[in-house]
Amino acid sequence: MRVFLIGSKQLSCLIFDELIGQGHQVLGVYSRDNEPGMEIWHSLGHRNLAEEARKIDIPVYQNMKVNSPE
């Protein structure tokens with residue numbers, strides 16, 4: 001299955017791990033993990049979806065509106 005994952009914090013990373021582990025093709029991820037308000041979550045041990053995707057060369061999209069025409 002080809003998927004595009006939208007998410008932030010630990011739950012999205014667990015979903016990402018499962019998709020990759022089952023052999024699905026993750027075309028890219030949209031993450032808000034680098035926004036200032038997310039710092040608290042990462043200090044509590046939540047992983048960063050953008051960082052996880054970059055580790056295996058999956059495109060990361062940030063600072064965009066998901067529902068925009070582009």
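This briefing describes the sheet, one aromatic pair and one buried residue of a protein structure. The model is predicted. Its open sheet has three strands in the order β1-β2-β3, and their pairing is parallel. The chain passes from β1 to β2 by way of helix α1, and residue E52 in helix α3 is treated separately at the end.

**The sheet**

- Three strands form an open sheet, with parallel pairing and the order β1-β2-β3.
- Strands β1 and β3 stand at the edges and have a single partner strand each, so one side of each has no neighbour in the sheet.
- Strand β1 covers residues 2-6, and strand β2 covers residues 25-30.
- These two strands run parallel and are joined by five bridges.
- R2 has Q25 as its bridge partner in β2.
- For L5, the bridge partner in β2 is V29.
- Between β1 and β2 the chain goes through helix α1, which spans residues 9-21; this β-α-β crossover is right-handed.

**The two faces of β1**

- The side chains of β1 alternate along the strand.
- V3 and L5 point to one face and are buried.
- R2, F4 and I6 point to the other face and are not buried.
- F4 has a relative accessible area of 39%, which makes this residue partly exposed, because that class lies between the 20% limit for buried and the 50% limit for exposed.

**The aromatic pair**

- The structure contains one aromatic pair.
- The pair consists of F4 and Y61, whose ring centres are 5.7 Å apart.
- Their ring planes stand at 45°, so the pair counts as tilted; the tilted class applies because this angle is neither under 30 degrees (stacked) nor over 60 (edge-to-face).
- F4 belongs to strand β1 and Y61 to strand β3 (residues 60-61), so the pair ties together parts that lie 57 residues apart in sequence.
- Y61 is partly exposed, with a relative accessibility of 38%.

**Residue E52**

- E52 is part of helix α3, which covers residues 49-55.
- Is E52 buried or exposed? E52 counts as buried because its relative accessibility is 14%, and the limit for buried is under 20%.
- The side chains of E52 and R47 are joined by a polar contact of 3.5 Å.
- Leaving aside residues up to four places away in sequence, E52 touches C13, F16 and R47.

Note on methods: Residues numbered from 1 in each chain as written. Predicted model: local features only at pLDDT ≥ 70, side-chain atom pairs only at ≥ 80, totals over all residues. Heavy atoms only, no water. Buried < 20%, exposed > 50% of the residue type's maximum accessible area, 1.4 Å probe, protein only. Helix = DSSP H or I, 4+ residues; strand = E, 2+ residues; numbered from the N terminus. Pairing = 2+ DSSP bridges. Right-handed = clockwise from strand over helix to strand, strands pointing away. Polar contact = N/O pair within 3.5 Å; in protein donor to acceptor, adjacent residues only side chain to side chain. Contact = heavy atoms within 4.5 Å. Phe/Tyr/Trp six-rings, centres within 6.5 Å; stacked < 30°, edge-to-face > 60°.
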